Amino acid sequence: MAKPIVAIVGRPNVGKSTLFNRLTGGRVAIVEDQPGVTRDRLYRDANWLEREFTVVDTGGLDFGDRDNPFSAIIHKQAEAAMEEADVIMFMVDGRSGITADDEAVATILRKAKKPVFLVVNKIEDFSQKERYFDFYSLGLGDPIPISASHGMNTGDLLDAVVAALPENNGEEDDPDAIKIAVIGRPNVGKSSLVNAILGQERVIVSDIPGTTRDAIDTAFDRDGKRYILIDTAGMRRKGRIDEAVERYSVMRSLRAIDRSDVVLMVIDASQGVTEQDKKIAGYAHEAGKACVLVLNKWDLVPKDEKTMNRFDKVVRSEMGFLAYAPTIYVSALTKQRLPKILELVDFVAEQATRRISTSVLNELLADIQRVTPAPTDRGRRLKILFVTQTAVKPPTFVFFVNDEDLFHFSYRRHVENRFRETFGFEGVPMRFFIRQRE
Ligand code: GDP
Ligand code: GDP
């Protein structure tokens, strides 16, 4: 099951990112402080009363149109939220009162078929009712006064939001099938690849199970193995959404990634790696999914025997955080190397479920510390006392150390590299958690 999505919509400076940080603060895994991973995080997991959900700050979404007037951008934010979120928080500023932009957004959101909460921020004194009663005129029900920066009434807001989340209907996808999310920016060839993969010999499309509202799912078999292809571009192919909407369907990609075991990150080799590619790939990394980088349209690239190596270097330098992901150069058009894609999918899916015994891990750890001890820091040296793997998908390790402040990034990277050399884990991110034990 994908986590439900709660979107925060509103004009700049009303306090969206303050609320976002308050709702999601302090839950960032170690793996995410790696250089190269975007820091301006727009979506993050949160939980309240045992419900998990993803919060999206639409204020930071890039609609690729910096030249457009602000009113057009906020319009798109609201539309994207209506299209893709499960619950919308519309935030206004109780100090400045209603503005024309607030009214414009309210006009759009009144048509939403999903729950909308009208959140009046910057209310530090709840007796000043006039500050938020005015917002009744937006026609979106009871205004909920909060102070995001002081954390006032945010618990009540979350109670209401969580109560409005869709029920977990228990409808699980086939648990034995490998779920593959095909993601990438528009026009890189996702639909063409999906069609080509499904059209391959030895692939038997078994049925079309109930499709979600974000993607077209197709179940298929190959050599007795079951797969589900989650195709985010399929919605457009089937005419259910238009291209303009697809262009900013960040939330749709997030949800597809969330439901997947393996992400096929499709890049147009004829155009190289773009900023948008990096952002989308960043989601897969942060979600802890196994990933294959598929460089499509290889037929369009003039090449000699060195071209592939050169491409690999560019991809590695542009997307260093995904250094563990294998690359494959294909053409949906000429069908070059297509069967190899599913072989790689099988391979990385298997890697993501590997479990290393505690004794083997600690033997390696002793060896690492003997050969390359951590550098000293102000006279103290990191000692890793014990490590154990606590989870798979992604492989997650807890390190018990003498002083967590001494476990610097460079040494973590060294340990990670040694783990990878020894155990593989190709195509999968690893998570490290550090606990201090004196
Ligand atoms: P965004 O542009 O909507 O993401 O807004 P920010 O979260 O960046 O906040 C804009 C400004 O409002 C910042 O200076 C915040 O410190 C301030 N702010 C946010 N929440 C509150 C609040 O609850 N009360 C007050 N007084 N100021 C707030
Ligand atoms: P999507 O938006 O990512 O689903 O991309 P499409 O599958 O709709 O493809 C976008 C365009 O690229 C279409 O015109 C395709 O015919 C073309 N295309 C897709 N794959 C390839 C390829 O491998 N080689 C070439 N030359 N063109 C391709």
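Ala, Val, Leu, Ile, Met, Phe, Trp, Tyr, Cys and Pro count as nonpolar here, Asp, Glu, Lys and Arg as charged, and the others, Gly among them, as polar. Keep that sorting in mind as you look over this predicted model. The protein splits into domain 1 (5-164), domain 2 (178-353) and domain 3 (358-436). Let's go through the two ligands, then see where domain 2 meets domain 3.

**Around ligand 1**
- Ligand 1 is surrounded by 15 residues, and the closest are Gly-15, Lys-16, Ser-17, Thr-18 and Ser-147.
- Helix α1 (residues 16-24) gives the most to this shell, with 3 residues.
- Sort the shell around ligand 1 by type and you get 10 polar, 3 nonpolar and 2 charged residues.

**Around ligand 2**
- Ligand 2 has 16 residues around it, and Gly-189, Lys-190, Ser-191, Ser-192 and Ala-233 come nearest.
- Helix α6 (residues 190-198) provides the largest share of this shell, 3 residues.
- By type, the shell around ligand 2 has 7 polar, 6 nonpolar and 3 charged residues.

**Where domain 2 meets domain 3**
- The centres of domain 2 and domain 3, taken over C-alpha atoms, are separated by 31 Å.
- Contacts link 13 residues of domain 2 with 11 residues of domain 3.
- On the domain 2 side that touches domain 3, β12 (290-296) and α12 (338-352) each supply at least two residues.
- The largest share of that side comes from α12, with 4 residues.
- So what types of residue make up the side of domain 2 that touches domain 3? There are 9 nonpolar, 4 polar and no charged residues.

Definitions and conventions: Residues are numbered from 1 along each chain as its sequence is written. Chains are lettered from A and ligands numbered from 1 in the order in which they are written. This is a predicted model: local features need pLDDT of at least 70, side-chain atom pairs count only at pLDDT 80 or more; totals for chains, interfaces and linings use all residues. A residue is near a molecule or strand if its C-beta atom, placed from the backbone, lies within 6 Å of it. Domain bounds come from an automatic or database domain assignment. Two residues are in contact if their C-beta atoms, placed from the backbone, lie within 7 Å.
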